[in-house]
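Okay, thanks for coming, everyone. Let me put the model up and we'll walk through a few spots together.

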Amino acid sequence: MEYVRSINFFPSIANYFKSFFEAKEHLETSKQSSFCLRHRTYADKASANSSFKCPYSLIEDSIKIKDGIISGYIINSENNLEFIFELYILEIGAVRIRINEKNPLKPRYDKVKDWVLVQDPLTTLKYNLIPSKPGITAFSFGEENNKTISIYNSPFQVEILVNDIPTIILNDRCLLNFEHLREEEQNIESLIPTNQCNGENSIHKVETFGNNLNTKSNGKFQSKDIKNHSKSQHRIRFSKGPGSIGLDISFPGFNHVYGIPEHTSPLSLKETRGGIDAYSDPYRMYNLDVFRYEIDCPKAIYGSIPFMMAHRKGASAAILWLNASETYIDITKSKENEHNLSGKFIHSTNTHWFSESGIIDVFTFLGNTSSEIFRQYGLLTGFTALPQYFAIGYHQCRYSYLSQKDVAKVDEGFDEHDIPYDVLWLDIDHTDGKKYFTWNTYNFPDPEKMQKDLMAKGRKMVAIIDPHIKRDKNYYIYKEANDLDLFVKDSHGSSSWVDYTNPSAQE
């Protein structure tokens with residue numbers, strides 16, 4: 001018997017590793033996107049060249065100050081394109097910075113705020129203009145008037161200080177890079193990186209859309225492939241050129257940053273471009289249903305919340321990168337001598353954020369404690385609702401319970417071993433052919449009795465419902481949504497996805 005078991009064991013292990021490495025290869029290929037390559041290349045260029053000059057500057061005579069809003073125009077000296085700059089000093093104690101194209105070929109996506117924010121945050125009139133040197137606009141604000149914002153014209157930079165100590169700096173390393181929308185004939189030039197990422201910490205591949213965009217082995221684009229790509233079924237992706245955005249955000253004096261869930265990395269986020277035990281790739285923000293995900297890596301998994309907090313004794317700072325498109329974050333750390341008799345070093349964390357589309361919309365939060373940060377964040381995005389009492393207990397869930405008998409056996413097992421639990425979950429196998437809101441009546445002949453049996457013991461049941469709808473013209477959910485034109489247009493695989501940005505779908 002043991003011999004038979006060992007024979008059956010090895011095919012199972014082989015299948016496990018086969019599926020694991022297939023999933024791993026898929027993730028590695030999908031995450032090495034062209035816009036990520038371009039922004040990392042731009043960062044390499046800026047850091048490697050001591051004579052690099054940031055092309056973005058704030059036009060001095062465009063600056064306006066009114067009702068807690070500082071606005072003006074930023075110009076890119078390389079192409080003379082202008083961008084709208086807005087800085088809001090908010091009542092909750094946070095600061096908001098927005099950058100968008102002044103005259104885009106079409107409106108860039110700017111609806112994230114409508115989905116994420118509880119309401120449009122109010123600005124405060126409790127601030128004071130500080131006399132400053134030419135080329136600098138500075139304000140003090142806060143309940144104790146101990147916070148300062150310094151806006152530098154050239155190169156453009158925003159520095160936020162607490163008690164005259166720099167706490168958050170935007171564009172500290174001059175990595176602001178805003179790809180403007182352009183006509184189709186300009187796409188080829190804009191898609192070819194200025195140079196290639198070199199070294200083991202760089203990305204060499206590029207993302208492919210459809211089957212028409214390829215790369216050479218050295219990572220360079222072939223212009224003929226881009227031309228072919230522009231005529232492909234995915235033409236809409238590049239019809240106005242690439243439109244990614246990037247900005248570096250530094251936390252001087254902070255050695256640790258936390259957040260940007262969901263990843264399997266340690267609580268204190270690791271570096272991604274060199275350093276002790278560093279990752280070789282940036283953190284990816286992109287919601288994925290990843291089966292057998294890897295531990296201790298920056299790859300994307302189930303959720304993505306672009307919130308990052310820095311903390312040290314007596315001070316906390318955080319940012320919210322308000323962008324819903326695919327986003328990557330590089331993290332590096334540095335230390336500089338404090339130039340005092342103690343010889344101590346100031347540890348700092350530098351981050352580089354880049355997203356595939358949208359605009360730059362960043363909230364910065366300042367506080368003495370992390371609790372102050374979370375309060376500001378909650379006032380902005382809403383506080384966590386108080387859960388139902390049963391929901392805070394232990395939930396038993398795995399993929400997958402295949403039948404009503406299976407459920408009863410698992411439930412009895414908990415009783416037999418005197419293990420308390422409050423909720424049992426059913427995965428997709430409870431449905432009729434993976435169609436949600438249905439039951440597999442063969443394997444689950446009496447779902448009502450099954451639930452009542454659990455309820456008699458004070459337990460609950462949750463039946464999983466994912467947002468993808470199986471494409472089946474005889475499936476009433478699919479048919480109704482399809483007839484009402486409620487699905488996302490660019491769907492792949494055997495499912496369609498409801499477009500919840502459509503007001504009709506919300507109803």
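Start with Ile319 and look at what touches it: leaving out residues up to four places away in sequence, the contacts are Ile168, Ile249, Phe251, Pro306, Phe307, Met308, Trp353, Val362, Phe363, Thr364 and Phe365. And yes, before anyone asks, this is a predicted model. Ile319 sits in strand β16, residues 315–321. Is Ile319 buried or exposed? Its relative accessibility is 0%, so Ile319 counts as buried. One more distance for that spot: Gly259 is 60 residues away from Ile319 along the chain, and their C-alpha atoms are 10.0 Å apart.

Now over to β7, residues 136–141. Five of its six residues are buried, so the strand is largely enclosed by the rest of the structure. What does β7 pair with? On one hand there's β6, residues 127–130, antiparallel to β7 with four bridges. Within that pairing, Tyr127 has Phe141 of β7 as its bridge partner. The β6 and β7 hairpin has five residues between the strands, and Gly135 there takes a positive phi near 90°. Then there's β8, residues 147–152, which pairs with β7 over six bridges, again in the antiparallel sense. Here Phe139 is matched with Ile149 in β8. That pair is a hairpin too, with five residues between β7 and β8, and in the turn Gly142 shows a positive phi of about 105°.

Let's move along to the open sheet. It has three strands, in the order β20-β21-β22, and the pairing is parallel. β20 (395–396) and β22 (460–463) are at the edges with a single partner strand each, so one side of each has no neighbour in the sheet. β21, residues 423–426, is joined to β22 by four bridges, the two running parallel. If you want a register marker, Val423 is opposite Lys460 in β22.

Two helices pack on that sheet. α7, residues 404–416, touches β20, β21 and β22, and its direction makes about 155° with that of β21. α8, residues 447–455, touches β21 and β22, at about 140° to the direction of β22.

Stay with α8 for a moment. Which of its residues are buried? They're Pro447, Met450 and Leu454. Looking down the axis of α8, these fall within an arc of 60°, so they line one face of the helix. It's the usual helix arithmetic: 3.6 residues a turn, so residues three or four places apart point the same way. Flip to the other side of α8 and you find Glu448 and Met455 exposed. As for what covers the buried residues of α8, the list includes α7, β21 and β22.

α9, residues 476–483, is worth a look as well. Its buried residues are Ile477, Tyr478 and Ala481. They span an arc of only 95° around the axis, which puts them on the same side of α9. Their cover includes β23 (468–470) and β24 (495–497). After the helix comes Asp485, with a positive phi near 60°.

Last thing, cysteines. How many disulfides does a search of the whole structure find? Zero. Cys297 is at 11% relative accessibility, so it counts as buried, while Cys397, at 46%, counts as partly exposed.

That's my tour, so over to you.

Conventions
Residues are numbered from 1 along each chain as its sequence is written. This is a predicted model: local features need pLDDT of at least 70, side-chain atom pairs count only at pLDDT 80 or more; totals for chains, interfaces and linings use all residues. Side-chain values use heavy atoms; hydrogens and water are left out. Buried means under 20% relative accessible area, exposed over 50%, partly exposed in between (1.4 Å probe, protein chains only). The arc is that of the directions from the helix axis to the C-beta atoms. Contact means heavy atoms within 4.5 Å. Two strands pair if DSSP finds at least two bridges between them. Axes are lines fitted to C-alpha atoms, for helices over the stretch in contact, and angles run from 0 to 180 degrees between N-to-C directions. A disulfide is a pair of cysteine sulfur atoms within 2.5 Å.
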